[in-house]
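Here are my comments on the model you sent round, set out as numbered points for your reading alongside the coordinates.

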Amino acid sequence: SSPVVYSLQSVPRRFLLPLMLINPMAAYMDGYRRVILEGRAPQLHFLALALGLSTLGFVLSYRLFKTLERRCADTL
């Protein structure tokens, strides 16, 4: 889940990386929270990890779509 109501500081360290790997939006939400509510800079390593995972997910999804596109029915 995305940390909308809670901060990542309240998550135990052992669950932090798996949370970031499952949901890249957690890093973006935490970055917004740190800047807007706490007046601190976002954690760049979390944002870089989220960006990398998001890009990887996009590329893999696009390639899968292009591979399966011929099998999809084109209807209106």
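**Notes on the model**

1. At a relative accessibility of 36%, lysine 66 counts as partly exposed, and please bear in mind while reading this and the other values that the model is a predicted one. The partner of lysine 66 in a salt bridge is glutamate 69, with 3.2 Å between the closest N and O atoms. Glutamate 69 is likewise placed in the partly exposed class, its relative accessible area being 34%.

2. How many salt bridges does the structure hold? There are two, and besides the pair just described, arginine 40 forms one with glutamate 38, where the closest N and O atoms lie 2.6 Å apart. Arginine 40 has a relative accessibility of 38% and is partly exposed, while glutamate 38, with a relative accessible area of 36%, is partly exposed too. Neither residue is counted as buried, because that class requires a relative accessible area under 20%.

3. As to secondary structure, the chain contains three helices and zero strands, so that, read from the N terminus, the order of its elements is α-α-α.

4. For the chain as a whole, 24% of the 76 residues are buried, and the accessible surface amounts to about 6,000 Å², with carbon and sulfur atoms contributing 67% of that area.

5. Finally, on the contacts along the sequence: among those with a separation of 6 or more, 45% are between residues that stand 24 or more positions apart in the chain.

Methods:
Residues numbered from 1 in each chain as written. Predicted model: local features only at pLDDT ≥ 70, side-chain atom pairs only at ≥ 80, totals over all residues. Heavy atoms only, no water. Helix = DSSP H or I, 4+ residues; strand = E, 2+ residues; numbered from the N terminus. Buried < 20%, exposed > 50% of the residue type's maximum accessible area, 1.4 Å probe, protein only. Contact = heavy atoms within 4.5 Å. Areas by Shrake-Rupley, 256 points an atom, 1.4 Å probe, with all protein chains shown as cover. Salt bridge = Lys/Arg side-chain N within 4 Å of Asp/Glu carboxyl O.
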